[in-house]
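Got your viewer open and a fresh structure loaded? Let's walk through it together, one selection at a time.

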Amino acid sequence: MKAKVRLFARLSELAGTREAEVDVGEGLTAGEVYHLLCRQYPALSGLNGSIRYAVNGEYAEPEHSVGEGDEVALIPPVSGGSDAV
């Protein structure tokens, strides 16, 4: 069973790709998907405290279950803009 993973902003730069595919097993969570990717792309390690997850276009907690054909997005914190007018 496979799930698609989309990496955004700094995460895609660190991994050198915007998309990856992972094998998902029974009960795999979004957080565990991140840890699987850390094995494949070690530069992603240590960022789990600041990453937001989305599963199939909806924000999700790291404990959210991931199934076959799901799309998991890993979203780092982003900043920008200005209060100045």
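Helices and strands here are runs assigned by DSSP, at least four residues for a helix and at least two for a strand, and they are numbered from the N terminus. Keep in mind that you're looking at a predicted model.

**Stop 1: the whole chain.** Switch to cartoon view and you'll find 2 helices and 5 strands. Trace them from the N terminus and the order reads β-α-β-α-β-β-β. Now zoom out. The C-alpha trace spans about 50 × 25 × 20 Å along its principal axes. How does the radius of gyration of the protein fit a compact globule? It is 13 Å, and that agrees with the value near 12 Å that a compact globule of 85 residues would have.

**Stop 2: strands β1 and β2.** Select residues 2-7 for β1 and residues 19-23 for β2. The two run antiparallel, with 5 bridges joining them. For one facing pair, show R6, which stands opposite E19 in β2. Stay on β2 and turn on its side chains: which residues are on the covered face, and which on the uncovered one? A20 and V22 make up the covered face, while E19, E21 and D23 lie on the uncovered one. So E19 appears twice at this stop, as the residue facing R6 and as part of the uncovered face of β2.

**Stop 3: strand β3 and its partners.** Next, pick residues 52-55, which form β3. Add β4, residues 58-60: this strand runs antiparallel to β3, and 3 bridges join the two. V55 stands opposite E58 in β4. Together β3 and β4 make a hairpin, with 2 residues between the strands. Click on N56 in that turn, where phi is positive, at about 55°.

Then bring in β5, residues 71-75. This strand is also joined to β3, through 4 bridges, and the pair runs antiparallel. Look for A54, which stands opposite A73 in β5.

**Stop 4: surface and charges.** Finish with a surface view. The accessible surface is about 5,400 Å², and carbon and sulfur atoms account for 46% of that. How much of the protein is buried? Of the 85 residues, 35% count as buried, with the cut-off set at under 20% relative accessible area. Colour by charge next: there are 7 positive and 13 negative charges, and their mean positions lie 7 Å apart.

Last, show the contacts with a separation of 6 or more: residues 24 or more positions apart account for 50% of them.

Key. Residues are numbered from 1 along each chain as its sequence is written. This is a predicted model: local features need pLDDT of at least 70, side-chain atom pairs count only at pLDDT 80 or more; totals for chains, interfaces and linings use all residues. Side-chain values use heavy atoms; hydrogens and water are left out. The radius of gyration is taken over C-alpha atoms; the globule rule is 2.2 Å times the number of residues to the power 0.38. Buried means under 20% relative accessible area, exposed over 50%, partly exposed in between (1.4 Å probe, protein chains only). Contact means heavy atoms within 4.5 Å. Accessible areas come from the Shrake-Rupley method with a 1.4 Å probe; for residues, only the protein chains shown count as cover. Lys and Arg count as positive and Asp and Glu as negative; His and the chain ends are not counted. The place of a charge is taken as NZ of Lys, CZ of Arg, CG of Asp or CD of Glu. Two strands pair if DSSP finds at least two bridges between them.
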